[in-house]
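Hello,

Here is the structure I promised to send over. Please open it first; my notes on what was found follow below.

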Amino acid sequence: MANNKIVKKVLNLLDENYPKDIKCYLDHKNPWQLLIATILSAQCTDDRVNIVTKDLFRKYTSVKDFAEADIAELEQDIRSTGFYRNKAKNIIGCCRTLLEQHGGQVPKDIEELIKLQGVGRKTANVIRGNIYDIPSIVVDTHVKRISKKVGFTENTDPVKIEFDLMEILPKEHWIRYNTQVIAHGRAICTARSPKCERCFLLPYCKTGLENMISTIDD
């Protein structure tokens with residue numbers, strides 16, 4: 001993995017190019033809205049989720065509304081996010097548990113969060129970091145891809161990547177590393193056509209350097 005000097009340089013460059021307080025891309029006004037939006041974001045873009053939740057959160061205005069939702073109706077409400085049958089089942093089950101075991105409140109403890117239906121470590125860390133300001137690392141596709149490119153991890157399993165990043169990143173950078181890298185993955189280091197010639201992380205990216213050399217050779 002990258003040494004401390006490289007880690008510090010990469011983090012400084014991220015801070016120079018993206019706001020330190022960059023916000024979560026999923027629109028929400030409270031913890032349960034972010035929880036549901038994050039469940040919907042599996043295999044779906046944040047932009048699409050935000051389009052869907054704009055109307056969804058007007059129709060279902062509480063955890064109780066979701067817990068008591070008709071599953072067939074909810075499926076149609078979230079259909080465009082993909083995997084809508086499973087997501088609808090998870091949302092209803094999750095909200096029922098919130099009511100029955102947590103008084104309708106979203107817990108902050110990661111072990112309690114991952115017991116909720118449809119919630120894994122990624123979703124739990126989104127909640128912990130963005131709602132409760134608990135230092136957390138969210139390994140989404142951007143974080144997974146870019147962290148490997150700059151040598152922060154050699155793993156492909158999200159949980160292993162999470163622990164690799166926890167080991168090398170200062171805790172005060174955990175939350176903003178997530179949001180800054182996601183911003184970078186959206187704007188410059190896209191999965192299909194990375195803009196390596198514009199990337200300020202290029203000196204630390206083996207894949208990017210190889211792409212640039214290949215372009216010159218062509």
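**Cysteines**

Cys199 counts as buried, with a relative accessibility of 16%. Please keep in mind throughout that this is a predicted model. What keeps Cys199 from bonding to the closest cysteine sulfur? The distance does: that sulfur belongs to Cys189 and lies 5.9 Å from the sulfur of Cys199, which is too far for a bond. A pair would have to be within 2.5 Å to count as a disulfide.

Searching the whole structure turns up 0 disulfides. Cys94 is accordingly in none, and its nearest cysteine sulfur, in Cys95, is 5.2 Å away. Cys94 is buried, at 1% relative accessibility.

**Salt bridges**

Side chains of opposite charge can pair when their charged atoms come close. The whole structure holds 9 salt bridges by the search. Three of the pairs are described here.

One of them joins Asp15 to Arg176, with 3.0 Å between the closest N and O atoms. Which parts of the chain does this pair tie together? Asp15 sits in helix 1 (residues 4-17) and Arg176 in helix 11 (residues 174-187), so the bridge links parts that are 161 residues apart in sequence. Both ends have little exposure by the numbers: Asp15 is buried at a relative accessible area of 16%, and Arg176 is buried at 17%.

Another pair is Asp27 with Lys23, where the closest N and O atoms are 4.0 Å apart. That value is at the cut-off, since a salt bridge needs the nitrogen within 4 Å of the carboxyl oxygen. Asp27 is partly exposed, with 38% relative accessible area, while Lys23 is exposed at 56%.

The third pair is Lys59 and Glu73, whose closest N and O atoms are 2.6 Å apart. Lys59 belongs to helix 3 (residues 46-59) and Glu73 to helix 5 (residues 71-77), so this bridge ties together parts that are 14 residues apart in sequence. Lys59 is partly exposed, with a relative accessible area of 40%, and Glu73 is partly exposed at 39% relative accessibility. Through salt bridges that share partners, Lys59, Glu73 and Asp77 form one network.

**The chain as a whole**

How many helices and strands does the chain have? There are 12 helices and 0 strands. Read from the N terminus, the elements are therefore α-α-α-α-α-α-α-α-α-α-α-α. The radius of gyration is 19 Å, close to the 17 Å given by the globule rule for 218 residues, so the chain is as compact as a globular protein of that length. Its C-alpha atoms fill a box of roughly 60 × 35 × 30 Å along the principal axes.

Of the 218 residues, 50% count as buried. Among contacts with a separation of 6 or more, 58% are between residues 24 or more positions apart. The chain exposes about 11,500 Å², and carbon and sulfur atoms supply 49% of that area.

**Annotation**

The unreviewed UniProt entry lists residues 40-187 as "domain: HhH-GPD". In the model, residues 40-187 are 64% helix and 0% strand. The C-alpha atoms at the two ends of that stretch are 22 Å apart.

Regards

Methods. Residues are numbered from 1 along each chain as its sequence is written. This is a predicted model: local features need pLDDT of at least 70, side-chain atom pairs count only at pLDDT 80 or more; totals for chains, interfaces and linings use all residues. Side-chain values use heavy atoms; hydrogens and water are left out. UniProt positions are given in the numbering used here, feature names are shortened, and annotations may be inferred rather than shown by experiment. Helices (H or I, at least four residues) and strands (E, at least two) are DSSP runs, numbered from the N terminus. A salt bridge is a side-chain nitrogen of Lys or Arg within 4 Å of a carboxyl oxygen of Asp or Glu. Buried means under 20% relative accessible area, exposed over 50%, partly exposed in between (1.4 Å probe, protein chains only). The radius of gyration is taken over C-alpha atoms; the globule rule is 2.2 Å times the number of residues to the power 0.38. Contact means heavy atoms within 4.5 Å. Accessible areas come from the Shrake-Rupley method with a 1.4 Å probe; for residues, only the protein chains shown count as cover.
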